[in-house]
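Got your viewer open? Let's take a short walk through this one, stop by stop.

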Amino acid sequence: MTKDIKTKTRREFMKTAAAGSVVAATGIAGFPHIAKAAAPVKIGVIHPVTGWAQYSGSQCRFGAMTALEEINAAGGIKSLNGAKLEALLGDAQSKPEVGAAEVDKMNEAGVSSIMGAYASNICLATTQAAAKYGIPHVVDVGVSDKIVSRGLTNTFRFKPGFGTYTKVGIETFIAINRAAGSPTKRIALVHENTTGFGAGMAKLVTEGLKPEGIEVVEVLAHPTPNKDFRNIALKLKEVDPDVIIPSHYYSDGVLFLRTLMRQKFRPKAIYSILGGASSQYRFVKEFPEAAKYVLDCTDWVDPKKQSAIDLRKKTEAAGKHFNYEVFLGYLAMQFTAASIEQAGSTDHEKITEAMATSTWDGHHMPYGPTKMVNGQNQGAQPVGTQILNNEIEVISPKEFATAKAVFPRPS
Amino acid sequence: MSTRSLFIIWGLLLLSFILMPLFITSNRWIGFLEMTFFVAVMGQSWNILGGYGGQYSFGHALFFGTAAYIQAIMQQKFGWSPWIAMWFAVAGTVLVASFVGYLSFRYGLKGSYFALITLAFAEAFHVLARSLDSITEGGRGIQLLLNQDPDKAISAFQFNFAGPFLSSYGFYYTILIAMVLVFAVTWLVEHSRFGAQLVAVRENEEAAEALGINTFRTKMGAILLSAAITSFAGIYYVQKYLFVEPGIAYGLSKSVEALFAPIIGGLGTVIGPLLGSFFIHGVGEITKDFIGHYVGDRPGVDLILFGVILLLVLAHMPRGLAGLLSDVWKRVAGGRNA
Amino acid sequence: MEFLGITLNFYSWQTIFGSAISGVFLGSIYALVALGLTLIYGVLHIINFAHGALLMLSMYAVFFLWHIFGIDPYVALLIVVPGGYIFGYGLQRSIIGKISHGRDEIVLLVTLGVSIVIENVSLFSFSATERSVRVPYDLDGIDLGVTYVVYPELAALGASLLITLLLWLFIDKTDTGKAIRAVAKERQGAQLMGINVEHIFAVSFGIGTACVAAAACLLVPTYPVHPQIGYLFVLIAFTVVVLGGMGSFIGALVGGFLIGITEQLGRLFLGESLGVITISVIFILVLLFRPTGLFGQRLS
């Protein structure tokens, strides 16, 4: 499925080539050299835009395409004489094998790089298929640690991996808790059961909080999408933790927090780690009372960078929600383009080399310096957010914060 | 159609599949054929129980998933060779099938009731796979170690990083061999006494019973054979994609894939599942490219078209594509004789 | 207490009681979705795989009525229920019935095909974005001591009882109802008596769709609307129909409650993850030992 984006027509090509050769012939020094138009650089963009993950897949795709259009408008890949990026869109249909088949197609179409595919299980299949052809593959969202631990040299993930969210989540919570005089003694975890993220997180959280004298008194795994949280609400009421740590998807998060409101259970805080709804504007807009004061440790943009603010405006103007899928898809495309720029070539190996040694900092994420180890960007980090005054504020780390955390929740 | 002309057609088909890599070097189209053969194998297994036996299962994912999990667990947790693990995968799946079959047939479940109980069992195993963390790693799924050493490709039964021939065609020939075996078995069944008994049970179970056929044994035979064949598909999937998780293994989509191909292609015929699979995947490819070209980025359109085509096939081709082809052949052959 | 990786949890009696009560309310939602399904099965003898898609479509209708015209979901019942009837009647008469030609095995697949088309038309038209409806009384309710119950949940319970009653009265007391019972019992005989079977099929399908449209109005204050929302309830609806008895309205109601309570208690003791297996277990046990269901297989 080819989507032509801003390819120069033959006539324009001839015109500029002729002009360029005239300039070169006259050899006028100091005059700007008019570049010869270069063939477009093909990027494979694979997402589940049908099937169970269709919403998230389309949001990622939107982010990626927005980045691509901006890069082309700004002059394309300058080290390739202004070659424009051309996206080949693939639908993984929420199935790993279909995603892998799309990679085969894209290889034949001559893509220089691939990005995608939102869900971890699809990413596992697409990165593996791309590895067969040596095509570099940037993973946009997939959080599973399995993605970067198979020894595949073509796979890169610019955003954080599973362990980082938990580590930063624990550290941030400890800091917030201490700043409030350590009122927390008992914590309950509520997580979805499809990614294994929750189960692994539960173990790390229990160990990480023990030195603070905090006990994890209940771990509640649930299916997703979960149609009912009343049981969980009842169990939580009985166990009565000070803080609840949810980790699940958007619709789970919404139903869970609304159920807690309906059951009139208000813990000292809702502190999420990848809490789904906890850092989404649509939740804030639609259910403001349930959203108030909810904390999250999640992917977020640097709120002080103008380009991030612009992206949010652009997304909302397009009638879409500005959530993590959008800016992570955007980020993956940007990183791809920056690496091609650095490599100055469409050769798979050169691009892979560029990605592996990248120190790119032209992004608007709150990350440290870029450094790829085994395909994982060590500089990537989540941040702490909180919903305050119907806005999602960054409360940690300090250099990116726009507000101070309110903890515990005022009565 | 005479048996001789039938054999000639099958022979030509087989020859063209074996020689396909000479004509098609595109990985994408080899992959297309792999997918088509894979669904044909699953469809044929469903066909034995549903097409020939008349017992429509809506939970064939149960067999696919069980085989896939056993294959994955044996390799990942016990470090066994995939060539040994596969026998356990087949055996384990047949065991599960005997359990489900015994209950269903001993209690006389037929028609929609049988369909629903297979659905229920598939869903029950789905929940178990997700919840029994210690055995199946729950939602995380089981990821097999990727073999990147070409010398070990065959012993590891992985062809992603193998010699030049195996990398491109290893899985193609694997699924082709599986398909040939499975289709041969089906042909033998169709021409055996067991097959005749199976069809008799499908047409009228009481009459078959009255004729002295042990309908319970016949149906059990069908479900066990069906499960054994489906397990090949599960084993193949694990070796090719190296990953299994509850949704992939026991989700509804595999059950639906298994039944669509034989129904469209022609129930109770050997070639039906292959025709159906080609049709489904061919239409899928065309609608994806065609739609992608004209509509651009609007997901869902290709599936709408697919659904409509499906309904049209159901409306106008009651005996599936095989029935259509056989009608066409009769007319052509009859016309010649006239 | 642990066994093979399965943990058995214990909670206070208040929590258990509260869980059972929540099971009743959850069950009323299952009953609402199952009522239409059981009528369609009872009369047409088909398992309607398009039921989930019809539920989803109705939920979109309720959403848009609220979003564009500001109509409260419960008021929307007056529009969506008749609309659902017309849509269902047309669907059965012009598509499902026509394509099936009366071949029962094919009907299953036709409804499957229809559900694929409806689901993807919705995806294409409305995109995958989840929509939520916000009613002002969303958080108000009554305190039962062991648990709180909000008005939308009470409304769903009330509606399930009311609709069961209405359906029973309709089938039992009206002429059309008698015709439906005749066709359900003996299709060919009814035809010989001069009953237009095609029309009765379509009427039944229409009423079934109207029921699911009503269910949609009661679900929307709590659940989000998106093209895949149907899957959440439909598999359980099948279980309820089989448990209650195909064609029995009181069966759908009681079945719904039983499954709701068993599921909630199962999830309480076995964990939210494993607990849902109780539904499959009940399904299997009923199919094996009492396939006609609690209230038998008749239109009552």
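Start by selecting residues 51–69 of chain C: that's helix H2, with 19 residues. Note that you're looking at a predicted model. From its first C-alpha to its last, H2(C) reaches 27 Å, close to the 27 Å expected at 1.5 Å a residue.

Is H2(C) enclosed by the rest of the structure, or left open? Show the neighbours and have a look: 15 of its 19 residues are buried, so H2(C) is largely enclosed by the rest of the structure. Now step just past the end of the helix and click C:Gly70, where phi is positive, near 70 degrees.

Next stop: where chain C meets chain B. Here 29 residues of chain C are in contact with 34 residues of chain B. On the chain C side, select helices H4 (104–126), H9 (230–244), H11 (272–275) and H12 (277–289), since each one supplies at least two residues to the side touching chain B. Which of them gives the most? That's H4(C), with 11 residues. Colour this side of chain C by residue type and you'll get 22 nonpolar, 5 polar and 2 charged.

Last stop: chain A against chain C. This time 26 residues of chain A are in contact with 29 residues of chain C. Pick out helix H2 (54–73), strand E7 (215–222), helix H7 (230–239) and helix H8 (250–262) of chain A, which each bring at least two residues to the side that touches chain C. H7(A) gives the most, with 6 residues. Use the colouring by type again: this side of chain A divides into 10 nonpolar, 8 polar and 8 charged residues.

Definitions and conventions
Residues are numbered from 1 along each chain as its sequence is written. Chains are lettered from A and ligands numbered from 1 in the order in which they are written. This is a predicted model: local features need pLDDT of at least 70, side-chain atom pairs count only at pLDDT 80 or more; totals for chains, interfaces and linings use all residues. Two residues are in contact if their C-beta atoms, placed from the backbone, lie within 7 Å. Helices (H or I, at least four residues) and strands (E, at least two) are DSSP runs, numbered from the N terminus. Ala, Val, Leu, Ile, Met, Phe, Trp, Tyr, Cys and Pro count as nonpolar, Asp, Glu, Lys and Arg as charged, and the others, Gly among them, as polar. The expected span of a helix is 1.5 Å times one less than its number of residues. A residue is buried if 20 or more other C-beta atoms lie within 10 Å of its own, exposed if 12 or fewer, and partly exposed in between; C-beta atoms are placed from the backbone.
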